[in-house]
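Me: I am new to this structure and would like a close look at a single part of it, the hairpin first and then the sheet and the spaces around it. Please take me through it slowly.

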Amino acid sequence: MIARSASLCLILLSTACGRGRETPAAPRGPAPTAIRLDHLEHLGLNAVVRGQPVRVVSLYAEAPDYRPTASPARDGFEGIASLDDAARAAVVYLREYEATGDTSARNEAVQLLGFVTAMEQGDGEFVNFIDSAGRINRDAPSSRKSMSYWAARSIWALGEAVRVLGPRDSTVLKTVRPVFDRAVSRMAREIDAGRLIGGSTTATAEALLGLLSVQTETIGPLATRTAQLLAAHAEGSSTTAPWGAHVDGKDAPWHAWGARSPEALALTGSALRHPEFVASARKEADGLWARFLLAGGIPSSVAPNGTATWYPQIAYGVSPIVEGYLALAEATGERRYAVFAGLAASWLLGANTAGVSMYDARNGRTFDGIDGPSQGKVNRNSGAESTIEALLALQSVTSNPEAAEYLHYTPVGARSESLGSVPDQREYVGPGGKRIVLRRGPSGVEITQGGAAAPITLTYWPAANPTETRVAMQLTARWNAENPDVQVRVQPLPAGRSSEEVLLAAIVAKATPDVSSNVSSALLARLVRAGGVVRLDDRVATSARLRERTNSAMLAPLRLPDGGIYAFPWKTNPMMLMYNVDLFKSAGVEPPRTQSELVQAWHKLARDTDGDGRLDRWAMWATLKTSWYERFYDFYPLYLASSGGRTLVDNGKIIFDNPAAVAALDVLRRGFAEGVLPKSNFALGRDPFADGTVAMKIIGPWFVKELTDIKIPGLHYDVTPVPAADGTDPANEFAFADLRSIAVFSTTRYPDAAARFVAYLTSPAADKLLIEEASQLPYRRGLASDSRFTASLTRWPTLSTYAKYVERSRDLDIDPDVVEIFDLLSEAYEESAIYQTTSVKDALNKAAREARNITNAR
């Protein structure tokens, strides 16, 4: 094996074996920033408002004990909690639930939404404050019934609730949606009269964010009119103060607190295809905000003549700018905006005049602000608004690999006092002495690498098939153009050899690439056991992409015993039952939903077309081959359809001797025993489904491209879920994922750079290319309903249906002996299903016993 591996290394690689010893590995970067909701939960209070039990958020919490307290006398004793804060807190919890699947975050959001709906007055207007007894404050100017700031934030929260909870929680939707609709109707009156919500661009932008969450025939036009109103409030130019700022009026100052106009405009322009709104967002970001970056800090306000007031600085003045930059990165595809978002968010982690980390990653507590240019001026209280706004910013940054990379950079040199005379360039320094230089350019601020050494080179091995190689070459060319400091060389895995064979041999020879895709779960456990791959959920770039792309439920089956993710889940091919529509129609067969219906369909579709007394047309083909991976197309999908999500192994314990496995093998046994499944293999190079010999097959979406490429005239097909055992609850039905992952190998000298490249390969843009070029699906949450991918999915027949099962799938167990376990199941299949030499239960029990012998010997 070693000699063979060495020869593989010499033949297949243009790098030398053992290159991992040539130079020391690059130093490891900082750990990903944790999103912790502990302090926000600590600020939460139970209340009863208008007879309804709800959850609210305490306005203040004073150091050092941080006990929740009400508003002080200086604020007129407004109350203990406000709708302003509760609505934004609901957005935090909704985002966290969406990103992680954490039901406790969902429950907090639902209870806060209960407060939001209780504070609506039946006509779309809201009141703001309650006291500790739950009584509504209707008298304070900051609480009176109106369509103002607190109404705008309610629209934002309610819109997010409709988007996140609506598809899966009809009970909550019944409560939330009517209030949202009334509030939107009331908002429309203001917008159609040409009035900003509450006279404020801040409030109007936040309400617009809520509209964008729920795009309908009536809401879309209102969002457009709202964006038009906001865009009309931009003042100045790239050279004239206030440099494109969106302000409440011509003589009004710009204030950092709630400056969400660029975010709302960029998202509206992208979602509704209005480039003029993106241009308006750019105007402020490339004008005013560019001066902040060159000055080395964000002021609290800017007068119409450009005079900056630098203090107090609070999280509420940072978060909107962070999210505005990220919205522009999404709308334009320009990486620089994501970098700027990371630099702006670094204020929260210590890149401020006080040199103090305002956000505590141990508990999510955020200090209330900086009152002056020294450490002694830090306000160490931690109330609702600071905590909420810091979490909103960091939730977004830690879900964006490009932004997350710059969270720990700080500006070099003295900060500017005047925005009118900022320097033409500013250097920022990061961990390990990494540097970037921002320079004033025609489009605002441009980025160059500061003190850059010679570029490093990574080697990337994609799969050898032409389609995936073409996708890899396109993505790598883009990466190399955008990342001169990290160049990637593509070298496809050799055709004719399995990925498993080549990669395991390369590990033995210490000649692995930096990155390889198309890694199966069957191979992953062996790579980990060999110490061959790098953990990825604790690297900044890949951690951010995992947060953006998946949730905890999707990752749970992929975690190793230490809790780590050692290969990035890249693409999935959820297996479904593909069927010939015309053959089904002519036989009077409906797509089968249960395994009993499947057997009935087999009988109806099996035919003798030439009259020789032998069947020559079949409903389905289950191969006679016993190679372990052949069970991906018969037994295993049938098993997962009924198993309730259970796979074959659970924490090292064999669990497949169960009713779902019995049902799956038994339906195949019936097909062979009753003569409606062919006991023969078809000729190589011929697909019996494509030529109409069989009417259905269990297959993944990659086959859609094959069918399209071979252009079979008159072939009409569709897909349906693999039938489950009779009586199976549809909620317990899962597809086989056939997942492929991307690994970073432990021989790499540049693990963080390799992780950045993996994050790039799994970005939304890369995922669109994968769908469009290969008819394959990214392992991405909400794929079927994500408007960014709708056009890509509809490019291929049936792919939108396949996409619905991305999160309703299970893969192979990440177990070092999974191949041997499938070998045993193939033997059981052969003995009990094909030849019926033993009963299904006996065959499964035998396979389970032998599998336990293997796992117990470890």
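Reply: A good place to begin is the pair formed by strand S16, residues 425-429, and strand S17, residues 435-441, which run antiparallel to each other and are joined over 5 bridges. Within this pair, Val429 has Arg435 of S17 as its bridge partner. The two strands make a hairpin with 5 residues between them, and in the turn Gly432 has a positive phi of about 70 degrees. All of this is read from a predicted model, in which the protein averages a pLDDT of 92 and 95% of the residues score at least 70. Residues 1-23 need a separate word, since pLDDT stays under 50 there, and for that stretch the model has 39 contacts beyond four places in sequence.

From the hairpin we can pass to the sheet, an open one of 6 strands with mixed pairing, whose order is S20-S19-S21-S30-S22-S31. Strand S20 (486-490) and strand S31 (777-778) stand at its edges with a single partner strand each, so one side of each has no neighbour in the sheet. Inside the order, S21 and strand S30, residues 740-744, run antiparallel and are joined by 4 bridges, and Val519 stands opposite Ser741 in S30. Helix H25, residues 751-761, packs on this sheet, where it touches strand S19 (456-461), S20, S21, S22 and S30, and its direction makes about 50 degrees with that of S19. Another helix, H18 (residues 540-549), lies across strand S22 (568-572) and S31, and runs at about 40 degrees to S22.

These two helices also lead to an enclosed space, the second largest cavity, which holds about 100 Å³. Its lining is made up of Arg335, Pro401, Glu402, Glu405, Trp479, Glu482, Asn483, Ala541, Arg545, Arg756, Ala759 and Tyr760. Two or more of the lining residues come from each of helix H14 (401-404), helix H15 (466-482), H18 and H25, and H25 gives the largest share, with 3 residues. Sorted by class, the lining of this second largest cavity has 6 charged residues, 5 nonpolar and 1 polar.

The sheet can also be followed towards an open space, the second largest pocket, with a volume of about 1,300 Å³. It is lined by 42 residues, and those closest to its centre are Tyr629, Tyr633, Trp702, Asp738 and Arg740. One of these, Arg740, falls within strand S30, which covers residues 740-744. The elements that each supply at least two residues of the pocket lining are helix H16 (499-508), strand S21 (515-520), strand S27 (694-699) and helix H24 (702-710), with S27 giving the largest share, 5 residues. In this lining 21 residues are nonpolar, 12 are charged and 9 are polar.

For the setting of these spaces, it helps to know that 10 cavities of 30 Å³ or more are counted. The largest cavity has a volume of about 220 Å³, and of the 20 residues that line it, Gly296, Gly297, Ile298, Leu343 and Ala344 lie nearest its centre. Helix H10 (275-295), helix H11 (315-332) and helix H12 (335-345) are the elements that give two or more residues to this lining, which divides into 13 nonpolar residues, 6 polar and 1 charged.

Elsewhere in the chain there is an open sheet of 3 strands, in the order S10-S11-S12 and with antiparallel pairing. Strand S10 (254-255) and strand S12 (308-309) are its edge strands, each pairing on one side only. S10 and strand S11, residues 301-302, are joined by 2 bridges, and the bridge partner of Trp254 in S11 is Val302.

A few details of the backbone complete the picture. Most residues other than glycine have a negative phi, and most peptide bonds are trans. Against that background, Arg50, which sits in the loop between strand S1 (44-49) and strand S2 (52-57), has a positive phi near 55 degrees. A cis peptide bond with omega of about 5 degrees joins Ala63 and Pro64, and Pro64 belongs to the loop between strand S3 (60-62) and strand S4 (67-69). Ala241 and Pro242 are likewise joined by a cis peptide bond, with omega of about 0 degrees, and Pro242 lies in the loop between strand S8 (234-235) and strand S9 (245-246).

Note on methods: Residues numbered from 1 in each chain as written. Predicted model: local features only at pLDDT ≥ 70, side-chain atom pairs only at ≥ 80, totals over all residues. Heavy atoms only, no water. pLDDT = per-residue confidence, 0-100. Contact = heavy atoms within 4.5 Å. Pairing = 2+ DSSP bridges. 1 Å grid on protein atoms, 1.4 Å probe; cavity = no way out; pocket = protein on both sides within 12 Å on 5 of 7 lines; lining within 4 Å. Points joined across faces, edges and corners; volume = space filled by probe spheres on them. Nonpolar A, V, L, I, M, F, W, Y, C, P; charged D, E, K, R; others polar. Axes fitted to C-alpha atoms, helices over the stretch in contact; angles between N-to-C directions.
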